[in-house]
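Subject: A structure for you to look at

Hi there,

Here is the structure I promised to pass on to you. Have a look at it first, and then read my notes below.

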Amino acid sequence: MSEITKPHQPIVTHIFTADPSAHVFEDRIYIYPSHDLDHDGPVNDNGDQYKMEDYHVLSMADMNSPVTDHGEALHVKDVPWASSQMWAPDAAYRKGIYYLFFPARDHDGIFRIGVATSSSPTGPFKPEEQYIQGSFSIDPAVFVDDDEQAYMFFGGLWGGQLEKWQTGSYVELAEGPAPDAPAIGPKVTKLSEDMLSMASEPLEISIVDQEGNPLTAGDEDRRYFEGPWMHKYNGKYYLSYSTGTTHKLVYAIGDNPMGPFTFQGTILPPVMGWTTHHSIVQFREKWYLFYHDCSLSGGVDYKRCVKFAELTYNPDGTIRMIDPYPEK
Ligand code: FUB
């Protein structure tokens with residue numbers, strides 16, 4: 001158990017953690033992060049340095065309480081279809097069952113998204129034999145709307161292989177669009193009642209600027225890269241994500257969870273490290289951003305640590321930008 005929980009500080013220091021998906025279940029905060037491992041292997045644009053093999057669930061009673069590490073909740077060796085690289089997960093609850101959604105490479109090296117279930121938010125989670133049919137790429141984020149319909153958002157460029165699926169099937173050598181062409185958007189699908197399969201074909205989400213023009217692939221300050229998250233505030237849908245190469249967390253607002261979304265601005269400017277990845281959650285009356293940086297390892301990009309900060313809105317519903325290092 002960690003001693004303290006403070007904004008902008010690592011929430012645990014005994015393991016390296018990243019990609020936090022935070023949820024509130026029965027008035028307790030649960031965080032589903034990636035579990036970064038130390039190694040001497042290659043570091044490259046394919047993301048080989050992110051060698052994760054398992055998931056730990058963390059939880060805290062409130063924002064000032066110690067954090068409990070509930071131990072290993074799922075290991076890649078227990079997932080029949082997966083071979084390596086357990087990247088950013090998410091969790092959901094429906095009708096007495098907790099679901100862990102996670103990407104990993106299959107036995108052909110192709111990223112797929114799997115699901116595992118438990119009667120407890122802390123696991124252990126039992127994986128399905130096969131990955132979710134029709135799934136590909138990385139970074140699942142599951143959002144259950146007020147009408148109980150669940151949606152899964154996913155996709156990531158470069159190591160996350162999203163460029164390779166532009167035709168609907170996997171093309172190993174496919175590249176992204178030209179800089180002046182519309183950017184590749186995140187994917188969204190409705191999930192079935194039992195949350196174990198897709199209830200609709202994945203659709204590409206359109207993110208447009210304030211004039212209604214699609215963001216272009218060369219607009220690296222604003223276009224989608226990876227790490228989608230969906231939350232609802234005052235009846236509007238907020239799609240937030242990482243811009244990857246420009247290292248920001250940004251957001252867009254829409255009237256429908258499947259889009260289109262209009263770009264708004266930056267939630268978090270770049271932090272220490274290449275990747276940036278987040279979730280947004282309401283706990284009691286306040287909203288919080290969970291994110292990561294590499295400060296715990298002194299800047300080693302694949303040894304990251306989860307942090308949080310309060311997130312606030314302007315009266316018009318826009319999000320106030322957060323300073324990740326307010327004490328510097
Ligand atoms: O942690 C591995 C990958 O790095 C995640 O899937 C991405 O979102 C990025 O954070």
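Pro260 sits in the loop that links β17 (249–254) to β18 (261–268); strands here are DSSP runs of E with at least two residues, helices are runs of H or I with at least four residues, and both are numbered from the N terminus. The peptide bond between Gly259 and Pro260 is cis, with omega about 0°.

Before you go further, please keep in mind that this is a predicted model: local features need pLDDT of at least 70, side-chain atom pairs count only at pLDDT 80 or more, and totals for chains, interfaces and linings use all residues. Residues are numbered from 1 along each chain as its sequence is written, and side-chain values use heavy atoms, with hydrogens and water left out.

A second cis peptide bond joins Gly123 and Pro124, again with omega about 0°. Pro124 belongs to the loop between β8 (111–118) and β9 (126–127). One more loop to visit lies between β6 (90–94) and β7 (97–106), where you will find Lys95. This residue is not a glycine, yet the phi of Lys95 is positive, near 50°.

Now for the whole chain. The protein chain has zero helices and 21 strands. Its C-alpha trace spans about 50 × 50 × 45 Å along the principal axes. Why does the radius of gyration agree with a compact globule? For 328 residues, such a globule would have a value near 20 Å, and the protein chain has 18 Å, which agrees. (The radius is taken over C-alpha atoms, and the globule rule is 2.2 Å times the number of residues to the power 0.38.)

Next, two sheets. One is an open sheet of four strands in the order β1-β2-β3-β4, with antiparallel pairing; two strands pair if DSSP finds at least two bridges between them. Its edge strands, β1 (16–25) and β4 (68–75), each pair on one side only. On average, neighbouring strands of this sheet are turned by 25° against each other, direction ignored. (The axes are lines fitted to C-alpha atoms, for helices over the stretch in contact, and angles run from 0 to 180 degrees between N-to-C directions.) Eight bridges connect β1 with β2 (residues 28–36) in the antiparallel sense, and His23 has Tyr30 in β2 as its bridge partner.

Another open sheet of four strands runs β10-β11-β12-β13, also with antiparallel pairing. Here the edges are β10 (141–144) and β13 (203–204), each pairing on one side only. Strand β12 (residues 187–190) pairs with β13 over two bridges in the antiparallel sense, and Val188 stands opposite Leu203 in β13.

Finally, the ligand. Which residues surround the ligand? Among them are Tyr50, Met52, Trp87, Glu226, His277 and His292, where near means that a heavy atom of the residue lies within 4 Å. The shell has five nonpolar, three polar and four charged residues. (Ala, Val, Leu, Ile, Met, Phe, Trp, Tyr, Cys and Pro count as nonpolar, Asp, Glu, Lys and Arg as charged, and the others, Gly among them, as polar.)

Three side chains make polar contacts with ligand oxygen atoms, a polar contact being a pair of N or O atoms within 3.5 Å. The distance is 2.5 Å for Asp19, 2.5 Å for Asp139 and 2.7 Å for Arg304. Taken alone, the ligand exposes 270 Å², and the protein buries 99% of that (areas by the Shrake-Rupley method with a 1.4 Å probe).

Enjoy exploring!

Notes. A polar contact is a pair of N or O atoms within 3.5 Å; within protein, one must be able to donate a hydrogen and the other to accept it, and residues adjacent in sequence count only if both atoms are side-chain atoms.
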